[in-house]
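Me: I'd like to learn how to read a protein model, one feature at a time. Could you walk me through it?

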Amino acid sequence: MKKILIISASVFVVFLLSGCANNVYYAGMEKIGFHKRDIMVDRVKNVQESQEDAQEEFKSALEQFGTLVQIKDSDLKSAYEKFNDEYEEVSDASEELSNNINKLENVSLALFEEWENELALYKNQKLKAQSKKNLDDTKSKYRKMMKSMRTSEKSMKPILDTFRDNVLILKHSLNAQAIGSLQGKFGELKKDISTLISKMNQSIKDSNTFIKEMN
């Protein structure tokens, strides 16, 4: 029980320090003219770029997988190593995308909290009501965009799991029989990746709409 309490306290301290670091960062950026709103828009663009990069990596990994399942015995080791490299790259691209979505969520929540707190500073009730409406509208558009981003992010996991399973089975059974067992997976992966790319494109479209309305 004591050990659990120590671990929980450690997690809380890390969380607290992380929050403090973010606050210091936002305060520093504001001093040089970059407000949370500006950072938020920049991070939306970062997510878009990560989505585009991830799309290319998923397509490249699928292409290499398609080559692998058609390869001859003599070239199996080389083809496996290329596929493993592709898996590592698509895994890294997926992780970067998730990190960028989390960073966007972090600054967005900080912005909305600040906006909410500043509503209490208004003396003019008409201006306060107008600001409250703008906040509610921005939150609504943000939630739609974030839902689209998280949906596409969630779609990556089963594909990554399939790629990883195939890498592992080939690592320990690099022979024609193992290749034969994977041939039926190509069509399934192709369909899943096509669906993923469609979701990412929709997310990018929603992001563009959000950026336009923010500006």
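Reply: Sure, we'll go from the overall layout to helix packing, then to rings and single residues. Keep in mind that this is a predicted model.

Me: Let's start with the layout. How many helices and how many strands are there in the protein chain?

Reply: Begin by listing the elements in chain order. Here the protein chain has six helices and zero strands, so DSSP runs give you helices numbered from the N terminus. Written out from that end, the order is α-α-α-α-α-α.

Me: What share of the residues counts as buried?

Reply: For this you look at how much of each residue's surface can be reached; under 20% relative accessible area is called buried. In the protein chain, 36% of the 215 residues fall in that group.

Me: And what part of the contacts links residues 24 or more positions apart?

Reply: Contacts can join neighbours in sequence or residues far along the chain. Taking the contacts in the protein chain with a separation of 6 or more, 82% are between residues 24 or more positions apart.

Me: Now a single helix. How far does α6 reach from its first C-alpha to its last?

Reply: The idea is to compare the end-to-end reach with what the residue count would give. Helix α6 covers residues 185–214, which is 30 residues. From first C-alpha to last, α6 spans 43 Å, close to the 44 Å expected at 1.5 Å a residue.

Me: Which residues of α6 are buried?

Reply: Look along the helix for side chains that are covered. In α6 the buried ones include L189, I193, L196, I197 and M200. Further along, S203, I204, D206 and S207 are buried too, as are F210, I211 and M214.

Me: What covers those buried residues of α6?

Reply: You check which elements touch them. Among the elements covering the buried part of α6 are α2 (36–68), α3 (76–119) and α4 (125–172).

Me: How do α2 and α6 pack, parallel or antiparallel?

Reply: You need the angle between the two axes, taken in the N-to-C direction. For α2 and α6 that angle is about 165°, and the axes lie 10 Å apart. An angle over 145 degrees counts as roughly antiparallel, so that is how α2 and α6 run relative to each other. The crossing of this pair is left-handed.

Me: At what angle do α4 and α6 cross?

Reply: You read it in the same manner. The axes of α4 and α6 cross at roughly 155° and come within 9 Å. α4 and α6 are therefore roughly antiparallel, and their crossing is left-handed.

Me: How far apart are the axes of α2 and α3?

Reply: The axes of α2 and α3 are 8 Å apart, with a packing angle of about 160°. That makes α2 and α3 roughly antiparallel to each other, and α2 passes α3 in a left-handed crossing.

Me: On to rings. How many aromatic pairs does the structure hold?

Reply: Ring pairs are judged by the distance between centres and the angle between planes. The structure holds four aromatic pairs. Take F83 and F163: their ring centres are 5.8 Å apart and their planes meet at 65°, so this pair is edge-to-face. Since F83 sits in helix α3 and F163 in helix α4, the pair ties together parts that are 80 residues apart in sequence. F83 is buried at 0% relative accessible area, and F163 is buried at 0% as well. Ring pairs also link F65, F83 and F163 into a cluster.

Me: What about N100: which residues does N100 touch?

Reply: To see who a residue meets, set aside those up to four places away in sequence. N100, found in helix α3, then touches N46, V47 and S50. The C-alpha atoms of N100 and V47 are 5.5 Å apart, although 53 residues separate the two in sequence. N100 counts as buried, at 12% relative accessibility.

Me: Last one. Is G184 buried or exposed?

Reply: G184 is in the loop between α5 (176–182) and α6, and at 62% relative accessibility G184 counts as exposed. Its C-alpha lies 9.2 Å from that of V69, 115 residues away along the chain. For comparison, look at G180 in helix α5: at 36% relative accessibility, G180 counts as partly exposed. The C-alpha atoms of G180 and Q70 are 8.8 Å apart, with their positions 110 residues apart along the chain.

Technical notes
Residues numbered from 1 in each chain as written. Predicted model: local features only at pLDDT ≥ 70, side-chain atom pairs only at ≥ 80, totals over all residues. Heavy atoms only, no water. Helix = DSSP H or I, 4+ residues; strand = E, 2+ residues; numbered from the N terminus. Expected span 1.5 Å × (residues − 1). Buried < 20%, exposed > 50% of the residue type's maximum accessible area, 1.4 Å probe, protein only. Contact = heavy atoms within 4.5 Å. Phe/Tyr/Trp six-rings, centres within 6.5 Å; stacked < 30°, edge-to-face > 60°. Axes fitted to C-alpha atoms, helices over the stretch in contact; angles between N-to-C directions. Parallel < 35°, antiparallel > 145°, perpendicular 65-115°, else oblique. Left-handed = near helix turned anticlockwise from the far one by under 90°.
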